[in-house]
Amino acid sequence: MTVAVARGGFAGLDACVHCGFCLQACPTFLATGDEADSPRGRIELMRSLERGDLSPTDAALTFHLDRCLGCRACEPVCPSGVRYGHALETARERLALAGGVPWLARAALWALTSPGVAPIVFWFARLFRATGLPRLLAGWGRVRFAMGMLAATKGGEKRGKAPRVNPTPFSRLSPPLRALLFRGCVMQGLFRHVHGATIRTLQVNGYEVHEVAGQVCCGALHAHAGLGDGARELARANVAAFGDGDEPIVVNSAGCGAFMKEYGHLVEDGEKVSARVRDVTELLAANGGPVPGGPVDLQVAYDPPCHLLHAQRISQPPERLFAAIPLLHLATVSGANDCCGSAGLFTLVEPEMSRVVLQPKLEALSAVAPQVVATGNPGCAMQIGAGLAARGIRAQVRHPVELLDASYRAAGRYE
């Protein structure tokens, strides 16, 4: 089964009427002013690829498609409903089959997602992070920015045994509902504290959170890099692992959630999993939740991940989460809905464009001077955190559930 069949391929491009609504939503077009760096321009390039007018090894074609962040900000503003993200992955798979995948992308995928390698890589990363050196070395340039990204993965939890939910029944739900936790690769390797906060906050809100054996990386990074076969192999493994039940699959990484919600377009029986995937904020906001917590007196800037806001079209649940935290002040930040430039491996393979896209966001955050920037995607947390450190902006980056977790701790809902 090819991506063109499984993901809708180029067929969805026929709906494009060249209206141009996508132009002002596209971060790379705003950065360069080049039509070929816009969704409309790239659609024409992909149509030329499909017709055979352009070869998949054409340098200009590869250049402009590689510079796309895949943020999908063009999709919500498109009056014709063009499924640009599906077509982009189809095109990138064709380019990868013809010309290969850059060595840096392959090396990153090998290090971050290989079952026998990733645990070792993440163990050394956590060990190095614990020294505090990544924070001290953070700055601009490839190596120093990477140090800032690693430093940004450090959670706010104090060392020691993680708290347990107080047995007093705070939840409005009885008996508890079941949810299955998707751990992922980067989230499991560097953001385990977010998994802990996810489990505890869901328990307060009436869920029993269960582990699932056999689950693997979601496959999003592979698909974005053009490695369609690898993405489909991982998707099949997750479909088999999560089975045919009806329990929601809770995901706290926006990129993973967006991709898993599209398994139905990718592999056979994928819709069985896609229909059950829920972002953690969706579950917390369900059934009248989240349960209110205790006061957390912080100035917070919320930066919605592209794959939560644009791909999954989720905006209200995170706002309801923040509303459940007394004294938390949610600052209004200009351009908060714009891409940060992370885009999976994009920050590694296209660092110049990635930093250009990041700069307006850093300027807007600097004007607000928040104590915490909240975002629900690991790549965004690392990208924004590294940028803040490089600019000397003293703000921490946290997942929204970490703030709710702190609020529940303040309310005495944990032992």
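The exercises below, each with a worked solution, concern a predicted model of a protein.

**Exercise 1. Overall build**

Task: Work out how many helices and strands there are in the protein, and what its radius of gyration is beside the value that the globule rule gives for 415 residues.

Solution: Begin with the inventory, which holds 23 helices and 8 strands. The radius of gyration is 21 Å, close to the 22 Å from the globule rule for 415 residues, so the protein is as compact as a globular protein of that length. Next, take the extents of the C-alpha trace, which spans about 65 × 50 × 45 Å along the principal axes. Then turn to the surface: the accessible area comes to about 17500 Å², and 56% of this area belongs to carbon and sulfur atoms. Of the 415 residues, 57% are buried. Finally, consider the contacts with a separation of 6 or more, of which 78% are between residues 24 or more positions apart.

**Exercise 2. The sheet with strands 1 to 4**

Task: Determine the order of the strands in the open sheet that contains strand 1, and explain why strand 2 and strand 4 each have one side without a neighbour in the sheet.

Solution: The sheet has 4 strands in the order 2-1-3-4, and the pairing is parallel. Strand 2 (207-210) and strand 4 (277-279) stand at the edges with a single partner strand each, and therefore one side of each lacks a neighbour in the sheet. Neighbouring strands in this sheet are turned against each other by 40° on average, direction ignored. To follow one pairing in detail, take strand 3 (residues 249-251), which pairs with strand 4 in the parallel sense over 3 bridges; here valine 251 has aspartate 279 of strand 4 as its bridge partner. As a last step, add the helix that covers part of the sheet: helix 12 (residues 192-204) lies across strand 1 (177-181), strand 2 and strand 3, and runs at about 150° to strand 2.

**Exercise 3. The sheet with strands 5 to 8**

Task: Establish the order of the strands in the open sheet that contains strand 5, and find which are its edge strands.

Solution: This open sheet has 4 strands in the order 6-5-7-8, again with parallel pairing. Its edge strands are strand 6 and strand 8 (396-398), each of which pairs on one side only. From one strand to the next the twist averages 35°.

The individual pairings can now be traced along that order:

- Strand 5 (residues 299-302) runs parallel to strand 6 (residues 329-331) and is joined to it by 3 bridges, with alanine 331 of strand 6 as the bridge partner of alanine 301.
- Strand 5 is also joined by 3 bridges to strand 7 (residues 372-374), again in parallel, and tyrosine 302 stands opposite alanine 374 of strand 7.
- Strand 7 and strand 8 run parallel and are joined by 3 bridges, with glutamine 396 of strand 8 as the bridge partner of valine 372.

To complete the picture, helix 22 (residues 378-391) lies across strand 7 and strand 8, running at about 170° to strand 8.

**Exercise 4. Salt bridges**

Task: Decide which parts of the chain are tied together by the pair of glutamate 262 and arginine 72, and whether lysine 272 is buried, partly exposed or exposed.

Solution: A search of the whole structure gives 18 salt bridges. One of them joins glutamate 262 to arginine 72, with the closest N and O atoms 2.9 Å apart. Glutamate 262 lies in the loop between helix 15 (254-260) and helix 16 (270-274), and arginine 72 in the loop between helix 4 (59-66) and helix 5 (74-77), so the pair ties together parts that are 190 residues apart in sequence. Both glutamate 262 and arginine 72 are buried.

A second pair is aspartate 405 with arginine 200, whose closest N and O atoms are 2.8 Å apart. Since aspartate 405 belongs to helix 23 (residues 400-410) and arginine 200 to helix 12, this pair ties together parts that are 205 residues apart in sequence. Aspartate 405 and arginine 200 are both buried.

For lysine 272, start from its salt bridge with aspartate 244, at 3.6 Å from N to O. Lysine 272 is in helix 16 and aspartate 244 in the loop between helix 14 (228-242) and strand 3, 28 residues apart. The relative accessibility of lysine 272 is 37%, so this residue counts as partly exposed, whereas aspartate 244, with a relative accessible area of 65%, is exposed. Elsewhere, Asp37, Arg42 and Arg67 are linked in a network of salt bridges.

Terms used: Residues numbered from 1 in each chain as written. Predicted model: local features only at pLDDT ≥ 70, side-chain atom pairs only at ≥ 80, totals over all residues. Heavy atoms only, no water. Pairing = 2+ DSSP bridges. Helix = DSSP H or I, 4+ residues; strand = E, 2+ residues; numbered from the N terminus. Axes fitted to C-alpha atoms, helices over the stretch in contact; angles between N-to-C directions. Contact = heavy atoms within 4.5 Å. Rg over C-alpha atoms; globule rule 2.2 N^0.38 Å. Buried < 20%, exposed > 50% of the residue type's maximum accessible area, 1.4 Å probe, protein only. Areas by Shrake-Rupley, 256 points an atom, 1.4 Å probe, with all protein chains shown as cover. Salt bridge = Lys/Arg side-chain N within 4 Å of Asp/Glu carboxyl O.
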